[in-house]
Amino acid sequence: MTPRRTRATASLIAATTVLAALAGCSAEPKAHRATEALGTHGVKAAEPKPVDRGLPGMPPVLDPKDLYAADRPGKLSPVVKDFPSRVYVPNTESDTVSVIDPKTYKVIDTIPVGRQPQHVVPSWDMKTLWVNDDKGNTLTPIDPKTGKAGRTVDVHDPYNLYFTPDGKYSIVMASLDRELVFRDAHTMKTVKTVPVSCYGVNHADFSADGRYFIVSCEFSGELLKVDTAKMKVIGQERLPFKGAMPQDVKISPDGKTFYIADMVANGMWVLDGKNFTTPKLLPTGKGTHGLYVSRDSREMYISNRGEGTISIFDFAKNKLTKKWTLPDGGSPDMGGVSSDGKVLWLSGRYDSEVYAIDTRTGKQIARIPVGDGPHGLAVYPQPGRYSLGHTGIFR
């Protein structure tokens, strides 16, 4: 998210598929259960501890040690495998979406949308891209198969958009309205409106079990912890830094830690989401903004918009290992990683351009002119089973 000086701020994968997946994980033959109940000497074994399967209806976690296990290079689901590879760039000041062909690094289409588009968000079932027309108070659907825009849907103050892990609801980050609005993921009809006392709700990510999510509040420097099923704020804290402006939120591959970018504190906060204790600040660079996990789940790319750099954080080493600098400067903001993991795409918020960066070398591959105020671009299609929203959080 960015300071906005004058800003007023679909369908599910079949439920039977999810239920079948869950049932398949829990089913086992009676004979096996009987054998397991007795030890090797016929003594009854200790009762196994119950396994928390997470938010009801959520697809089971593939690997508890790596929440991004489904995001490996080229691992496209049948839903998206035939979609053409594109980069969709919302231009907040031009009220358009620039469409880039990643093979040629050129803009091949410009789609008119509503007022002040902020982010392009893949739906939970990954069949639709939703453009968040913030000041236009609409969502514009784009069919990623054809690249054509559909009929807009009236949604007030849609600064950003997320989806609950069970695929039932979308969550509109209504920044100006100071609300989290839970809506039907298909129709976008309001289900529950949750008022918040902080200012500038904007980015989020979900816990490993999907039972809660962490939200950043840009303009009051606060964090929220929200119960997904109850649709209720269960925790709130102010960041220990004067003037803090938290931005993007991302969970670690092992699900133990949340990272929150902060463009004023010039770093990212490291948070224990479960206990929701006071986070610690890791300095990364001026204007820390976007957080993107590599395809092998080993590193995280951190855009520093205020200095035109990208910091690299190593999860296993728990430290920064590299910093890439854009030639001739720039304002790297939001974006995503290519399907094969070889290119990091970032919007140049204040330079009307998009950067393509080689993730193996850190070198700039291309600098592509787009409309004015490019923001939350989406690289699509992406590996994964379902989308949690934003510019592409896939599990």
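These are my notebook entries on a predicted model of a protein.

**Entry 1. Overall counts**

I began with the totals. The protein has 395 residues, and 57% of them count as buried. I then took the secondary structure, which comes to 2 helices and 29 strands. For the surface I noted an exposed area of about 16400 Å², with 54% of it supplied by carbon and sulfur atoms.

**Entry 2. Nonpolar cores**

I looked up the largest nonpolar core and found 34 residues in it. Leu180, Val201 and Phe213 have the most contacts inside this core. Next I listed the elements that give two or more residues to this core: β9 (160–163), β10 (169–174), β11 (179–184), β13 (201–206), β14 (212–217) and β15 (222–227). Which of them gives the most? I found that β10 does, with 4 residues.

I picked Phe213 for a contact list, leaving out neighbours within four places in sequence. Phe213 is in contact with Ile171, Leu180, Phe182, Ala204, Asp205, Phe206, Leu224, Lys225, Val226 and Thr228. I noted that Leu180, one of these partners, is also among the residues with the most contacts inside the core.

I also recorded a second core, separate from that one, with 24 residues. Among its members are Leu239, Ala244, Val293 and Phe313.

**Entry 3. Largest cavity**

I turned to enclosed space. Rolling a probe the size of a water molecule over the atoms shows where empty space is left. The largest cavity holds about 220 Å³. It is lined by 16 residues, and I wrote down those closest to its centre: Val293, Arg295, Gln382, Gly392 and Phe394. Val293 had already come up, as a member of the second core.

Two elements, β21 (288–293) and β25 (332–337), give two or more residues to this lining. The largest share comes from β25, with 3 residues. By class, I have 7 nonpolar, 6 polar and 3 charged residues in the lining of the largest cavity.

**Entry 4. Second largest cavity**

How much space lies in the second largest cavity? I recorded about 90 Å³. Its lining has 14 residues, and Val61, Leu67, Arg385, Tyr386 and Arg395 are the closest to the centre. I split this lining by class into 11 nonpolar, 1 polar and 2 charged residues.

**Entry 5. Asp66**

I looked up Asp66 and placed it in the loop between α2 (30–37) and β1 (86–91). Is Asp66 buried or exposed? Its relative accessible area is 8%, so I have it as buried, the cut-off being under 20%. With neighbours within four places in sequence left aside, Asp66 is in contact with Arg72, Pro253 and Ser297. I also took a C-alpha to C-alpha distance: Asp66 and Arg298 are 9.8 Å apart in space and 232 residues apart in sequence.

**Entry 6. Backbone geometry**

I went through the backbone for exceptions. Most residues other than glycine have a negative phi, and most peptide bonds are trans.

The peptide bond between Tyr380 and Pro381 is cis, with omega about 0 degrees. I placed Pro381 in the segment after β29 (378–380).

Met126 has a positive phi, near 70 degrees, and is not a glycine. I located Met126 in the loop between β4 (117–122) and β5 (129–133). Its relative accessibility is 0%, so Met126 counts as buried.

Ser352 also has a positive phi, about 50 degrees, without being a glycine. I found Ser352 in the loop between β26 (343–348) and β27 (353–358). Its relative accessible area is 22%, so I have Ser352 as partly exposed, a class that runs from the 20% limit for buried to the 50% limit for exposed.

**Entry 7. Thr152**

My last residue was Thr152, in the loop between β7 (148–149) and β8 (153–154). Thr152 counts as partly exposed because its relative accessibility is 42%. Which residues does Thr152 touch, not counting those up to four places away in sequence? I listed Thr138, Leu139, Thr140 and Pro141. The C-alpha atoms of Thr152 and Asn137 are separated by 9.7 Å, and the two residues are 15 apart along the chain.

Definitions and conventions. Residues numbered from 1 in each chain as written. Predicted model: local features only at pLDDT ≥ 70, side-chain atom pairs only at ≥ 80, totals over all residues. Heavy atoms only, no water. Core = buried A, V, L, I, M, F, W, Y, C linked by side-chain atoms within 4.5 Å. Buried < 20%, exposed > 50% of the residue type's maximum accessible area, 1.4 Å probe, protein only. Contact = heavy atoms within 4.5 Å. Areas by Shrake-Rupley, 256 points an atom, 1.4 Å probe, with all protein chains shown as cover. 1 Å grid on protein atoms, 1.4 Å probe; cavity = no way out; pocket = protein on both sides within 12 Å on 5 of 7 lines; lining within 4 Å. Points joined across faces, edges and corners; volume = space filled by probe spheres on them. Nonpolar A, V, L, I, M, F, W, Y, C, P; charged D, E, K, R; others polar.
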